[in-house]
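Here are my notes for you, as numbered points to read alongside the model. I hope they help when you go through the coordinates yourself.

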Amino acid sequence: MALSSPIDAEALAWVEAWKPCLDEHAYAVTRIEGEIPREIHGTLYRNGPSQRILPRQGYEALHLFDGNALVHAFRFEDGNVHYTGRYARDARFVYEQEHGTDGLGFVNLPAEREDVAVGFSPNTNVVWHGGKLLALVEADFPFELDPRTLESRGTHLLRKEMLGMSTTAHPKIDGRTGQMLIHGYQPIEPYVQLYVVEPDGTCSSAEPVETPYAVMMHDFAITEHHVVLPLCPLTWDLERGSCLRDWLRWEPEKGLRFGVRERTAGSPVRWFQAPSPGFLFHPGNAYEKDGKIWMDACTYPDVNALLEQLAVYRSGRLVSNAGAHLVLYELDLASGSCKETRLDDRVVEFPRLDDRLIGYESRFGYALMGEDGFIGPRANRIARYDRTGGAGTFHEFGPTQYPGEPVFVPRTSDASEDDGFVLSVVYDGETGKSYVAVLDAQNLTGEPLARAHLEHRVPLGFHGNFAAGVV
Ligand SMILES: [Fe+2]
């Protein structure tokens with residue numbers, strides 16, 4: 001069938017970009033355009049869903065969040081790149097390989113068997129901390145992988161005995177101290193918990209954090225002295241429907257609140273009410289300055305549209321008004337007030353920064369940018385935005401070139417903010433394969449410094465991180 005417009009080609013490429021990759025690969029990348037800066041020494045890890053055995057309802061029945069964890073490692077050394085991609089052998093993966101998916105639940109599909117406890121695939125993020133490589137998901141324990149081969153080492157429990165609650169996929173590693181904070185949440189009390197993991201990987205604290213009701217709390221933020229917990233009005237109603245998708249309820253009348261708590265164990269929570277309701281998956285950064293906490297985030301104003309979009313994502317169908325915008329929140333610690341300012345009207349997601357500044361004053365952020373609606377068939381840009389409100393710039397990859405989350409790598413360990421490189425795994429709809437793009441952060445609009453071309457396609461995915469010196 002002839003394509004009637006470029007949009008059709010983009011929509012088809014976009015659907016293809018997310019499809020599972022059934023095979024595992026490991027090879028030295030031989031086709032490199034440009035030159036990989038030798039300052040990039042370490043491994044870029046990235047995670048994402050890739051459902052190997054489909055439910056009988058088919059691929060399009062999957063929610064965006066469904067899929068086995070296919071983890072990718074791009075090892076940068078002396079201007080060369082080596083690729084490894086491997087599935088995590090978590091309990092769900094092993095069960096599916098032996099028994100198939102019949103009876104298992106997916107986000108859009110109810111479980112038909114109650115007697116199989118397989119947990120969630122650790123498909124959302126992958127972090128290097130305390131000498132461990134951990135694959136993470138919204139509601140399960142970290143899953144450890146070998147940092148070089150990506151072979152599965154198994155579930156890492158932190159201190160499960162303390163609360164018995166899982167963690168999310170979004171730890172925050174303090175840019176100066178190396179301490180890692182990670183939270184968990186659940187629809188029964190205690191609704192939220194907080195773990196503190198020291199730089200050597202030992203868990204020094206695990207405690208509940210008092211919140212007034214249970215919400216979906218995908219991510220949070222830290223500052224030098226505080227944690228910031230977004231209590232978005234996306235609540236749980238386990239009486240409604242029969243699958244995960246049905247159990248989330250948008251209650252904008254509850255408003256958007258931020259729980260601010262000192263990082264010291266046992267500290268009380270103070271609540272700040274944002275002027276507008278909204279939902280956020282991801283804050284960018286937060287820091288303390290002039291008696292305030294400044295936090296930027298990608299905020300969704302129309303959450304019913306967002307939920308619908310996530311549910312039909314794999315069909316390529318776009319739901320109008322389902323995107324997020326950059327918002328800067330100012331939490332005044334003296335008065336208890338909260339101010340919000342929209343920094344840009346374009347649709348963005350996956351906000352990142354120079355990770356050395358997590359929790360501390362920072363100016364620049366990097367994010368995926370779409371043209372309209374959601375991050376969809378025209379999301380072929382990486383933006384560099386200015387939290388102080390200055391003009392942002394973006395790199396446009398061209399039609400059907402789909403970058404993933406941008407990851408900043410400093411030129412040297414003591415380079416100034418923004419002096420370094422932005423790495424992203426890009427799906428090339430022209431060739432049906434993927435490449436890693438290396439952009440100059442301070443000349444983002446320019447040609448990529450290098451493209452390291454894979455011999456195959458890796459599905460678009462979620463989050464990842466650069467482990468400096470890990471090769
Ligand atoms: Fe996330």
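**Notes on the model**

1. Let me begin with a loop residue. Thr400 lies in the loop between strand 27 (393-396) and strand 28 (401-403). Its backbone deserves a look: phi of Thr400 is positive, about 60 degrees, although the residue is not a glycine. Please keep in mind that this is a predicted model. With a relative accessible area of 8%, Thr400 is buried, since the cut-off for that class is under 20%.

2. Phe350 is another non-glycine residue with a positive phi, in this case near 55 degrees. Phe350 belongs to a strand, namely strand 24 (residues 348-352). The relative accessibility of Phe350 is 12%, so this residue counts as buried.

3. You may also want to check one peptide bond. Glu189 and Pro190 are joined by a cis peptide bond, with omega at about -5 degrees. Where does Pro190 sit? Pro190 is found in the loop that runs between strand 11 (180-185) and strand 12 (192-197).

4. Now to the metal site. Which protein atoms serve as donors to the iron ion? They are the NE2 atoms of His170, His218, His282 and His463, lying 2.1 Å from the iron ion. The angles that these four donor atoms subtend around the iron ion run from 90 to 167 degrees, which makes the arrangement irregular. For the tetrahedral label, all angles would have to lie between 85 and 135 degrees, and the upper value of 167 degrees belongs to this site.

5. The sequence side of the iron site is worth a paragraph of its own. Along the chain, the donors follow the spacing H-x47-H-x63-H-x180-H. His170 is in the loop between helix 3 (160-163) and strand 10 (172-173), and His463 is in the loop between strand 32 (450-453) and strand 33 (464-468), so this pair ties together parts that are 293 residues apart in sequence. Are these two histidines buried or exposed? His170 counts as buried at 6% relative accessibility, and His463 counts as buried at 3%.

6. One sheet can be described strand by strand. It is an open sheet of four strands in the order 14-15-18-19, with antiparallel pairing. Strand 14 (221-222) and strand 19 (269-273) stand at the edges with a single partner strand each, so one side of each is left without a neighbour in the sheet. Strand 14 pairs with strand 15 (residues 226-231) in the antiparallel sense, over two bridges. Within strand 15, Val228 is the bridge partner of Ala221.

7. Finally, the overall picture. The protein chain holds five helices and 33 strands. Its radius of gyration is 21 Å, close to the 23 Å that the globule rule gives for 471 residues, so the chain is as compact as a globular protein of that length. Taken along the principal axes, the C-alpha atoms fill a box of roughly 55 × 55 × 45 Å.

8. A few totals round this off. Of the 471 residues in the protein chain, 61% are buried. Among contacts with a separation of 6 or more, 61% are between residues 24 or more positions apart. The accessible surface of the protein chain comes to about 18100 Å², and carbon and sulfur atoms account for 48% of that surface.

How values were computed:
Residues numbered from 1 in each chain as written. Predicted model: local features only at pLDDT ≥ 70, side-chain atom pairs only at ≥ 80, totals over all residues. Heavy atoms only, no water. Pairing = 2+ DSSP bridges. Buried < 20%, exposed > 50% of the residue type's maximum accessible area, 1.4 Å probe, protein only. Donors = N, O, S within 2.8 Å, 3.2 Å for Na, K, Ca; no water. Tetrahedral: all angles 85-135°; square planar, octahedral: opposite > 155°, others 65-115°. Rg over C-alpha atoms; globule rule 2.2 N^0.38 Å. Contact = heavy atoms within 4.5 Å. Areas by Shrake-Rupley, 256 points an atom, 1.4 Å probe, with all protein chains shown as cover.
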